[in-house]
Amino acid sequence: MIQTNILIIGAGPVGLFTVFEAGLLKLQCHIIDALPQPGGQCSEIYPKKPIYDIPAYPSILAGDLTAKLMEQIKPFSPGFTLGERAEVIEKDSEGQFIVTTNRGTKHRAPIIAIAAGLGCFEPRKPPVEGLANFEDKGVEYIIKDPEFYRDKKVVISGGGDSALDWTNFLADGVASEVTLVHRRPSFRGHPDSVQKVMDLAQSGKINLITNGEVVGVAGNGSLDSVEVKHKSDGMISLATDHWIPLFGLSPKLGPIGEWKLNIKKNAIEVDTFDYSTNVPGIYAIGDINTYPGKLKLILCGFHEATLMVQSAYKRIYPDRNLVLKYTTVSGAPSM
Amino acid sequence: MEDIIKITVIDRDDERHELDAPTDMNMNMMELCKSYDLPVEGTCGGMAMCASCHMYVISAHELSERSDDEEDMLDEAFNVEDNSRLGCQIKLAIHLDGLEVKLAPVG
């Protein structure tokens with residue numbers, strides 16, 4: 001069991017900065033994020049895009065902002081549970097929250113700060129009828145262990161780096177047969193990987209179907225075949241053991257929606273006094289919250305985090321008076 | 001007002017919404033839909049880096065070509081058709097008066 005003062009859900013810029021503001025009050029933080037790396041949207045969607053409205057930075061790349069925040073919070077040694085999704089919340093006999101992830105990691109804290117942005121990133125699932133029946137029975141959205149596909153027939157869908165890289169990898173003596181299906185003739189992704197895929201197709205080592213998309217799945221209990229709709233050739237049926245649709249990730253509110261919080265249009269309603277939710281001890285900050293006048297800006301999330309930790313402190317230490325100390329006076333941050 | 005054009009958005013329940021769209025505010029179709037509370041997510045904020053503003057252009061208006069970025073992101077969308085566009089890449093301008101679009105299913 002991981003014990004901390006403030007358990008932060010979401011390692012985006014606002015979640016990260018919460019560690020700093022909490023650290024100034026000597027509150028320890030631990031962060032859970034479904035993605036394997038910190039930064040949230042800044043690292044997952046637009047790491048190379050410049051942001052122009054971070055105070056004192058005329059321009060900063062989203063990826064660099066993440067790196068700077070990680071540097072800024074380092075003195076406070078936050079804990080991280082990455083690549084796991086916060087799933088279930090309970091309260092124990094001492095009034096502390098227990099949050100368990102999808103992999104069973106348990107965290108305990110008196111305060112929860114939900115800084116989950118638009119929710120947790122999950123693989124995009126193609127709208128194919130009956131798809132859910134074959135999940136983990138031949139249909140996988142993430143390749144966890146390539147050995148799983150040894151000597152199997154595999155169909156991969158997608159046109160980005162992960163589709164190209166896995167096609168190249170699995171075609172190299174792992175899978176017995178690899179088919180790549182893509183909706184158009186050209187691929188985005190690294191030119192080297194594109195070239196490699198084209199070479200493999202040329203030499204007959206993979207089956208490349210462009211201008212097509214998988215529109216159907218069939219099988220008896222487990223996957224036997226997929227139906228490909230081709231722009232000019234009509235329907236093609238492919239016998240296969242696995243279909244791996246790789247269409248990137250998109251954020252979903254997910255299990256947090258079941259946490260008995262007041263939700264309005266996929267956002268958590270908060271009191272702007274301290275960004276508390278309807279459940280005492282649970283706060284929501286950044287893009288995930290909503291209130292009259294809400295703006296989804298990183299800089300507003302920083303402000304929300306700062307006020308939120310003050311309130312959290314008073315919940316943890318109701319008898320102590322808190323005095324605002326300027327960092328210019330208190331010196332280099334440390335725990 | 002001469003800066004306002006009419007745009008029709010058909011939502012996922014096939015309901016038609018006739019919208020007044022300003023052309024002098026540097027807005028795009030994703031933002032227009034959001035400003036009318038139509039169910040368009042616009043996750044990335046309009047950088048053509050997600051596909052949550054996928055829509056079909058139904059009227060015969062001539063639009064700018066899809067950029068590589070837009071084409072790449074449409075690879076991550078579903079139900080992509082020849083008239084598929086990312087709303088964030090359609091900038092509101094006078095020549096789009098009468099534009100008609102339909103929101104793509106949520107993937």
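Start by selecting helix 1 of chain A: the buried residues here are A:Pro13, A:Val14, A:Gly15, A:Leu16, A:Phe17, A:Thr18, A:Val19, A:Phe20, A:Glu21, A:Ala22 and A:Gly23. Keep in mind that this is a predicted model. The helix is mostly covered, with 11 of its 12 residues buried.

What does the covering? Show strand 2, strand 3, helix 2 (41-44), helix 3 (62-73), strand 10 and helix 6 of chain A; the cover over the buried residues of helix 1 includes these.

Now check the length of helix 1 (residues 13-24) of chain A. Its 12 residues should span 16 Å at 1.5 Å a residue, and its end C-alpha atoms lie 17 Å apart, which agrees. Step just past the helix to A:Lys26. Its phi is positive, about 60 degrees.

**The open sheet**

Select strands 6, 3, 2, 10 and 22 of chain A. These 5 strands form an open sheet in the order 6-3-2-10-22, with parallel pairing. Why is one side of strand 6 and of strand 22 left without a neighbour in the sheet? Strand 6 (79-82) and strand 22 (282-284) of chain A stand at the edges and have a single partner strand each, so one side of each is left open in the sheet. On average, neighbouring strands of this sheet are turned by 20 degrees against each other, direction ignored.

Zoom in on strand 2 (residues 6-9) and strand 3 (residues 29-33) of chain A. They run parallel and are joined by 4 bridges. Pick A:Ile6: opposite it, in strand 3 of chain A, is A:Cys29.

Add helix 6 (residues 298-316) of chain A. This helix packs on the sheet and touches strand 2, strand 10 (111-114) and strand 22 of chain A. Its direction makes about 165 degrees with that of strand 10 of chain A.

**A β-α-β unit**

Move to strand 13, helix 5 and strand 14 of chain A. Together they make a right-handed β-α-β unit. Strand 13 (residues 177-182) and strand 14 (residues 207-210) of chain A pair in the parallel sense over 4 bridges. Label A:Thr179; its bridge partner in strand 14 of chain A is A:Asn207.

Between them in the unit, trace helix 5 (residues 191-202) of chain A. It has 12 residues and reaches 16 Å from first C-alpha to last, close to the 16 Å expected at 1.5 Å a residue. Just after this helix, A:Gly204 takes a positive phi of about 75 degrees.

**Between the chains**

Last stop: show chain B as well. The contact takes 16 residues from chain A and 14 residues from chain B. On the chain A side, color by class: 7 residues are nonpolar, 5 polar and 4 charged.

Key. Residues are numbered from 1 along each chain as its sequence is written. Chains are lettered from A and ligands numbered from 1 in the order in which they are written. This is a predicted model: local features need pLDDT of at least 70, side-chain atom pairs count only at pLDDT 80 or more; totals for chains, interfaces and linings use all residues. Two residues are in contact if their C-beta atoms, placed from the backbone, lie within 7 Å. Ala, Val, Leu, Ile, Met, Phe, Trp, Tyr, Cys and Pro count as nonpolar, Asp, Glu, Lys and Arg as charged, and the others, Gly among them, as polar. Helices (H or I, at least four residues) and strands (E, at least two) are DSSP runs, numbered from the N terminus. The expected span of a helix is 1.5 Å times one less than its number of residues. Two strands pair if DSSP finds at least two bridges between them. A crossover is right-handed if, with the strands pointing away from the viewer, the path from the first strand over the helix to the second runs clockwise. Axes are lines fitted to C-alpha atoms, for helices over the stretch in contact, and angles run from 0 to 180 degrees between N-to-C directions. A residue is buried if 20 or more other C-beta atoms lie within 10 Å of its own, exposed if 12 or fewer, and partly exposed in between; C-beta atoms are placed from the backbone.
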